[in-house]
Amino acid sequence: MVASIAQLSKKVRAHLIYPDDFSRASAKVAFSILASGQIRPDSLKIAENSGQAALDESAIKTIRASLPFDPPPHEINLAIMVDFTR
């Protein structure tokens, strides 16, 4: 069963990939988790950008680095904030 959104967000925070030069900001990333716990490749995208292209790309990399997620009972769509604050 899929972990709660809070658990999923905690896992993502543990895998943050910071760009070399960034300001404190956040980006919302949308994606679909398949029943296997993997992400549907065509679903991974920035839903709300941070205003910094390098940070947005790092948010996408962070989600990929967090794989696999706990498998949900069926495919789910979600969007989470990836917050870059040190």
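## Fold order and overall size

Reading from the N terminus, the elements of the protein chain come in the order α-β-β-α-β. That makes two helices and three strands in total. With 86 residues, the chain has a radius of gyration of 12 Å, close to the 12 Å from the globule rule, so it is as compact as a globular protein of that length. Keep in mind that this is a predicted model.

Measure the C-alpha trace along its principal axes and you get about 40 × 25 × 15 Å. Of the 86 residues, 41% are buried. The accessible surface adds up to about 5,000 Å², and carbon and sulfur atoms own 50% of that.

## Contacts and charges across the chain

How much of the contact map comes from residues 24 or more positions apart? Taking contacts with a separation of 6 or more, such pairs account for 75%.

As for charge, the chain carries 10 positive and 9 negative charges. The mean positions of the two sets sit 5 Å apart.

## Helix α1 and its two sides

Helix α1 covers residues 5-14, and its buried residues are Leu-8, Ser-9 and Val-12. Look down the axis of α1 and these buried residues fall within an arc of 100°, so they line one face of the helix. Over on the other side of α1 you find Ala-6, Lys-10 and Ala-14, which are exposed.

What do the buried residues of α1 pack against? Their partners are strand β1 (25-33), helix α2 (53-65) and strand β3 (76-84).

## Thr-62 and Val-82: a buried pair

Thr-62 belongs to helix α2, and Val-82 belongs to strand β3. Thr-62 has a relative accessible area of 0%, so it is buried. Val-82 comes in at 1%, under the 20% cut-off, so it counts as buried too.

Beyond its sequence neighbours up to four places away, Thr-62 touches Val-12, His-15, Leu-16, Ile-17, Val-82 and Phe-84. Val-82 has its own list, again leaving aside neighbours within four places: Val-12, Leu-16, Ala-25, Ser-26, Ala-27, Val-29, Ala-59, Thr-62 and Ile-63. Val-12 of α1, one of the buried residues in that helix, turns up among the contacts of Thr-62 and among those of Val-82.

A few C-alpha distances help place these two. Val-82 and Leu-55 are 27 residues apart along the chain, with 9.7 Å between their C-alpha atoms. Thr-62 and Ile-76 are 14 residues apart along the chain, and there the C-alpha separation is 19 Å.

## Arg-64 on helix α2

Helix α2 also holds Arg-64. Is Arg-64 buried or partly exposed? Its relative accessible area is 48%, so Arg-64 is partly exposed. From Arg-64 to Leu-78 the sequence gap is 14 residues, and the C-alpha to C-alpha distance is 15 Å.

## The loop between α2 and β3

Ser-66 sits in the loop between α2 and β3. Loop or not, Ser-66 has 0% relative accessibility, so it counts as buried. Who touches it? Setting aside residues up to four places away in sequence, Ser-66 touches Lys-11, Val-12 and His-15. Val-12 and His-15 are also among the residues that Thr-62 touches.

Pro-68 is found in this loop as well. The peptide bond joining Leu-67 and Pro-68 is cis, with omega about -5°. For background, most peptide bonds are trans.

## Ala-35 and the prolines

Ala-35 lies in the loop between β1 and β2, the latter being residues 45-48. With a relative accessible area of 47%, Ala-35 is partly exposed.

Which residues does Ala-35 contact, once neighbours within four places in sequence are left aside? They are Pro-71 and Pro-72. Pro-72 is 37 residues away from Ala-35 along the chain, yet their C-alpha atoms are separated by 5.2 Å.

Terms used. Residues are numbered from 1 along each chain as its sequence is written. This is a predicted model: local features need pLDDT of at least 70, side-chain atom pairs count only at pLDDT 80 or more; totals for chains, interfaces and linings use all residues. Side-chain values use heavy atoms; hydrogens and water are left out. Buried means under 20% relative accessible area, exposed over 50%, partly exposed in between (1.4 Å probe, protein chains only). Helices (H or I, at least four residues) and strands (E, at least two) are DSSP runs, numbered from the N terminus. The arc is that of the directions from the helix axis to the C-beta atoms. Contact means heavy atoms within 4.5 Å. The radius of gyration is taken over C-alpha atoms; the globule rule is 2.2 Å times the number of residues to the power 0.38. Accessible areas come from the Shrake-Rupley method with a 1.4 Å probe; for residues, only the protein chains shown count as cover. Lys and Arg count as positive and Asp and Glu as negative; His and the chain ends are not counted. The place of a charge is taken as NZ of Lys, CZ of Arg, CG of Asp or CD of Glu.
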